[in-house]
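Visitor: Please take me for a close look at one part of this structure, and then show me what else is worth finding around it. I am new to this, so please explain the terms as you go.

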Amino acid sequence: MIEVLKLSKVFPASKKSKEVRAVNAISFHCQPGEIYGLLGANGAGKTTTLRMLATILEPTSGTAKVAGYDVVEEPEKVRANVGFLSTATALYGRLTARELVEYFGRLHGMDGDALHKSVDTLFTALDMNSFRDRRCEKLSTGMKQKVSIARTLVHDPQVMVFDEPTVGLDVMAARAIARFIGDCRERGKTVIFSTHVMSEATKLCDRIGIIHGGNILEEGTLEALRTRHGKEDLEDIFVEVVGEES
Amino acid sequence: MSLRNIGVVYRKELVDSLRDRRTIISTFVIPILLFPLLSVGFALLIPTLINKAKEEIPRVMIVGGENSPLIVEALKKDHKIEVVPATPDFETQITDRKIRAAVVLPGDFDVAANRGEAGKVLVDYYEGDIKSELAQKTVKDMLNDYRVDLAKSLLTAKGVPTGLLQPFDVDKNNVAPPEKVSGSGFGGMIPYFVIILAFTGAMYPAMDLTAGEKERGTMETILTSPVSRTDLVLGKFFLVVTASLATAILALSSMGISFLLAKHTIDQQISKSDPGFHFALDPRGVLAVFVMIVPLSVLFSATMLAVSLFAKSFREAQTYISPMTFVVILPAIIALLPGVELNTRTALVPILSTTLVGKELMAGNHPWGFIALIFASSCVYASIAIGAAVTLFNRESVLFRS
């Protein structure tokens, strides 16, 4: 369960740049078993929003409840219930796949048999046993992606946050990620993901929020958006919402 | 703060670092191989060079000795110097190192000296050139001997007892135990070495675990874990301290072992060039120095963590950290200057105080009041630095500086 309430993030002015209002009092919610897609161009505020939900960044004002915990009041409990995956979240190259996943399990307070069992199950489910003892730096992109997925799942989080998870991946790896996101919904997890790829959003999302300049300009199921704008193609809808010039 | 979580982070960083070739080189290879090679090498090389310079028979000119065969003969007699024919450009020849020194005799020296009116004999040499200085010393000693002999024979001829030339004798007697002698000399260098090593040992991991992680994108990954940022930075901090102390311990032990192995040769070499010098070190002194280094190593580790945390990339961290090397070397060098002593003011200057008290400890002195003051003040500085590192790590503007 994710409930976002007037969430804002302002990056203070520095020598090089003026004050940036990256996210402007946005509100939305996402139920268990639902995929919410944040659709927006680069710089629209997607990453900042998701980072606030994962409590990597602190909101300037407003708040959000993730898995029942407030991101401002109890950030550590939020992190304990969230799996966060983005292309920016790299792996420790000198750890083996297994060591890496176990390390994150330990950081989530797991230990001993429970940890080993959870890791074994994950490695079998994701078909990773052939490279479990290979160092992450030696893995192919697809294998790395699997390790990242296992890393986000090791503590069996209720809420999954994906920040542009397919950027830079080839077709096969991107499809695997998409399938994995779908699986998360099947297992009743609350899923939010950001993308600027229209086809991905069309295929996966139960509801879509179009974000631009830190504001959510339009929100609804794909069907609702299509009826409201009288257009079939999500890209056309998107352009109509955010305006042609941007 | 959770000890378990700090331990989990620490163990992971340890495994990670031990697999990193660059850590292995900076923590193990350099201290084990380089420093003993340098220090033992120098210890062996310097006496060898001095002895070699001493073995040379210097070429010396005697200027103005044409009608004074007695003194010229006396200088030639022992073959300690090679007398070469005089030329008017003797000064240039010294400068060009064709000859090492020149003796300039006043006119009619033999005759005048017998009357006690010869005036001054000049020994020309080139200051700063060790071979010329040695030649000058040899020639001066020979002239002194000749003068005493001449005086004795003149007095005898007049029936005066020669003992009057030297009514009493003066001799020196060293009461400091050998380890104190070397403690103030070579031993005084050891704290300095250890401080530099404690700094360089912390340098690479401090940058790699902060700026390096940002650069590789693992910082964001680790921040998604429920472990508090304070636990994360403390786990990293303990790893940096470990590397810092390990570097210093390894370098010290490896230097110690190489010295023990080379001790015989060094003792021989050194006593040949300086009979008053004996090589000995007090192991308790070394240990005490080490205890004093611990808070300093904590200070180094926390400061470098805080500074490199600020950097976006490893390279940027390097540009911040490299100048800090001078900040560390400078007080350590000041402490080696003569006249800089331990007092309540210097005891409060970090690094400088540790070098100074280390010098005392190596010399077998235990100024307990200062030891307590320095240990306490270093601990205060170290805690401030840890506080700064923890605070910075909790600030997202530092972690996500762009």
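Guide: The expected span of a helix is 1.5 Å times one less than its number of residues. Helices (H or I, at least four residues) and strands (E, at least two) are DSSP runs, numbered from the N terminus. Residues are numbered from 1 along each chain as its sequence is written, while chains are lettered from A and ligands numbered from 1 in the order in which they are written. This is a predicted model, so local features need pLDDT of at least 70 and side-chain atom pairs count only at pLDDT 80 or more, whereas totals for chains, interfaces and linings use all residues.

Our part is helix α1 of chain B, residues 3–18. Its 16 residues should span 22 Å at 1.5 Å a residue, and the end C-alpha atoms of α1(B) are indeed 22 Å apart, which agrees. Now look around the helix. Eight residues to pick out as buried (20 or more other C-beta atoms within 10 Å; exposed means 12 or fewer, partly exposed in between, with C-beta atoms placed from the backbone) are B:N5, B:I6, B:V8, B:V9, B:K12, B:E13, B:D16 and B:S17. These residues cover an arc of only 160° around the axis (judged by the directions from the helix axis to the C-beta atoms), so they sit on the same side of α1(B). On the face turned away from that buried side you will find the exposed residues B:L3, B:R4 and B:L18.

Helix α1(B) also takes part in the meeting of the two chains. The contact (C-beta atoms, placed from the backbone, within 7 Å) takes 20 residues from chain A and 17 residues from chain B. On the chain B side, the elements that give two or more residues are α1 and α9 (218–223). The largest share there, four residues, comes from α9(B).

Next, look inside. A nonpolar core is a set of buried Ala, Val, Leu, Ile, Met, Phe, Trp, Tyr and Cys residues joined through C-beta atoms within 7 Å. The largest one has 139 residues, and those with the most contacts inside it are B:A198 and B:A389. Helix α11 (residues 283–309) of chain B gives this core its largest share, 16 residues. Leaving aside residues up to four places away in sequence, B:A198 touches B:S244, B:L245, B:T247, B:A248, B:I293, B:L296, B:S297 and B:F300. A second, separate core of 19 residues includes B:I62, B:F90, B:V103 and B:A135.

One loop of chain B deserves a stop: B:D108 lies between β3 (101–104) and α5 (109–114). Its phi is near 50°, a positive value in a residue other than glycine. B:D108 counts as partly exposed because 15 C-beta neighbours lie inside 10 Å.

Chain A has a loop to set beside it. A:E164 is in the loop between β7 (159–163) and α6 of chain A. Although A:E164 is not a glycine, its phi is positive, about 40°. A:E164 is buried, because 21 other C-beta atoms lie within 10 Å.

Following that loop into α6 (residues 171–186) of chain A, you reach A:A176. With 17 C-beta neighbours inside 10 Å, A:A176 counts as partly exposed. A:A176 touches A:G142 and A:Q145, again not counting residues up to four places away in sequence. From A:A176 to A:T166 there are 10 residues in sequence and 9.4 Å in space, C-alpha to C-alpha.
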